[in-house]
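Here's a quick walk through the fold, meant to be read with the model open beside it. Start with a turn, then work outwards.

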Amino acid sequence: MSTADEKTYEMLWDCRFCGQKKNLGLSHRCCPGCGAPQDPSARYFPSDAEKVAAEDHPYLGADVLCPACRHANSRNSKCCSQCGGPLTAAQQVAVRAEQVGQQFAGETAQDAKREFAAPPPNEAAARKSVSPLAWIVPLAIVALIAVALFVLFRKRDGAFVIADKSWDRTVEVEQRVLVRTSEWCDSLPAGSVAVARHREQRSTKQVPDGQTCATRRRDQGNGTFKEVRECTPKTKTEGVMDDKCDYNAEAWKPTRTAKAHGGEKEPPTWPATSLARPGCVAIGCEREASRTETYAADVSEAKTGAKSSCKFDVAKWSRLHVGDPVAGRIGAVTKSVDCDSIVVK
Ligand SMILES: [Zn+2]
Ligand SMILES: [Zn+2]
């Protein structure tokens, strides 16, 4: 939910005939120094220190420009106060772009005063032009990198021979052990032993943390502007603490890995695990857990001597034999065999 606070103030204008500065947009339709008519395009927003309230005036709309003499007249005028000409075809004066104040985290009266302390912005500030080099250079770099990558990873056809074959199989062995573990005390397993409590952050919550405010100024086109101050409540994240319980519990823990390795001559087999007290669930018992198997072959190219170790699935690996010629692709620069491309001739 946000709150908004609205007030109306006078725009300011400087006389370009006598140089009198900071004349009021609504109250000074003519220059108090020389009597020259107000130029509506010279209106600007004041700093906070120079604001003059225009609370009680009725707002009728933006001023209109006399088509004959360009004098700015109030919206409800039927004829020009300068030359007396009709205002039926008159156009509305141009208004300033909305001004947004600097934001401050806190909401104090001092912050609100600092928002528009800077002098009115110079709208004729030159726009920075973008040099064509700004995008040609990065584009050229990207193109060069693309060409370099293409050359580096280019592949060609090759004739290879299977130089060696091997297989590896492993079985993970787990042992039943006592471990120190912890759980939120309200979900502690029944019968837990050696319980110790401590405090720990369990979750977070959002709590109120002041508000963020921003001020906007909108030129109403009749010598006044409306200043709206909008404030939105802010929140911050805060930790929520709870009781955590440390306790002893039984668990399976990986303790060793049984391995088997062989070449083309040995058919792949699983390693013996020699479990201690297999089949029980008590401290000191062992069980078999995950298994892995890999099948590899060294693929070499006679022409260049390039050699890569490739992994294959067991079906493809079984069809390959040491000394067999195979076809495939190889990196022209990297000399690395593309294992997926290997086919039995
Ligand atoms: Zn003047
Ligand atoms: Zn006129």
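Look at the hairpin of β11 and β12 in this predicted model: five residues sit between the strands, and G305 among them has a positive phi near 80°. The two strands themselves, β11 and β12 (residues 307-312), run antiparallel and are joined by six bridges. One pairing to pick out is A297, whose bridge partner in β12 is C310.

That pair leads straight into the packing. Both A297 and C310 belong to the largest nonpolar core, a group of nine residues that also takes in F160, I162, V299, V326, I330, V337 and I342. Which elements give two or more residues to this core? They are β8 (155-184), β11 (286-301), β13 (325-331) and β14 (337-344). V326 is a handy place to stand and look around: leaving out residues up to four places away in sequence, V326 touches F160, I162, V299, I342, V343, V344 and K345. There's also a second, separate core of eight residues, with M11, F45, A54 and F225 among them.

Staying with β14 for a moment, S341 lies in that strand. Is S341 buried or partly exposed? It is partly exposed, because 16 other C-beta atoms lie within 10 Å and the cut-off for buried is 20 or more. Setting aside residues up to four places away in sequence, S341 touches G328 and R329.

C213, found in strand β9 (residues 193-219), is another story. C213 counts as buried because it has 22 C-beta neighbours inside 10 Å. Here are two C-alpha separations to check on screen, one for each of these residues.

| Pair | Residues apart along the chain | C-alpha separation |
|---|---|---|
| C213 and R229 | 16 residues | 6.8 Å |
| S341 and L149 | 192 residues | 20 Å |

Now for helix α2 (residues 133-152). At 1.5 Å a residue, its 20 residues should span 28 Å, and the end C-alpha atoms are indeed 28 Å apart, so the two agree. How many of the 20 residues in α2 are buried? The count is zero, so to speak of cover at all is generous: α2 is hardly covered.

Elsewhere there's a small piece of sheet worth a glance. Three strands make an open sheet in the order β5-β4-β6, with antiparallel pairing. β5 (72-73) and β6 (91-92) stand at the edges with a single partner strand each, so one side of each has no neighbour in the sheet. Strand β4 (residues 64-65) is joined to β6 by two bridges, and L65 stands opposite Q91 in β6.

Finally, zoom out. The chain holds three helices and 14 strands. Why call it more spread out than a compact globule? Because the radius of gyration is 42 Å, well over the 20 Å that the globule rule gives for 345 residues. Along the principal axes, the C-alpha atoms fill a box of roughly 115 × 70 × 30 Å. Buried residues make up 16% of the 345 residues. As for how the contacts are spread along the sequence, 67% of those between residues at least 6 apart join residues at least 24 apart.

Notes
Residues are numbered from 1 along each chain as its sequence is written. Chains are lettered from A and ligands numbered from 1 in the order in which they are written. This is a predicted model: local features need pLDDT of at least 70, side-chain atom pairs count only at pLDDT 80 or more; totals for chains, interfaces and linings use all residues. A nonpolar core is a set of buried Ala, Val, Leu, Ile, Met, Phe, Trp, Tyr and Cys residues joined through C-beta atoms within 7 Å. A residue is buried if 20 or more other C-beta atoms lie within 10 Å of its own, exposed if 12 or fewer, and partly exposed in between; C-beta atoms are placed from the backbone. Helices (H or I, at least four residues) and strands (E, at least two) are DSSP runs, numbered from the N terminus. Two residues are in contact if their C-beta atoms, placed from the backbone, lie within 7 Å. The expected span of a helix is 1.5 Å times one less than its number of residues. Two strands pair if DSSP finds at least two bridges between them. The radius of gyration is taken over C-alpha atoms; the globule rule is 2.2 Å times the number of residues to the power 0.38.
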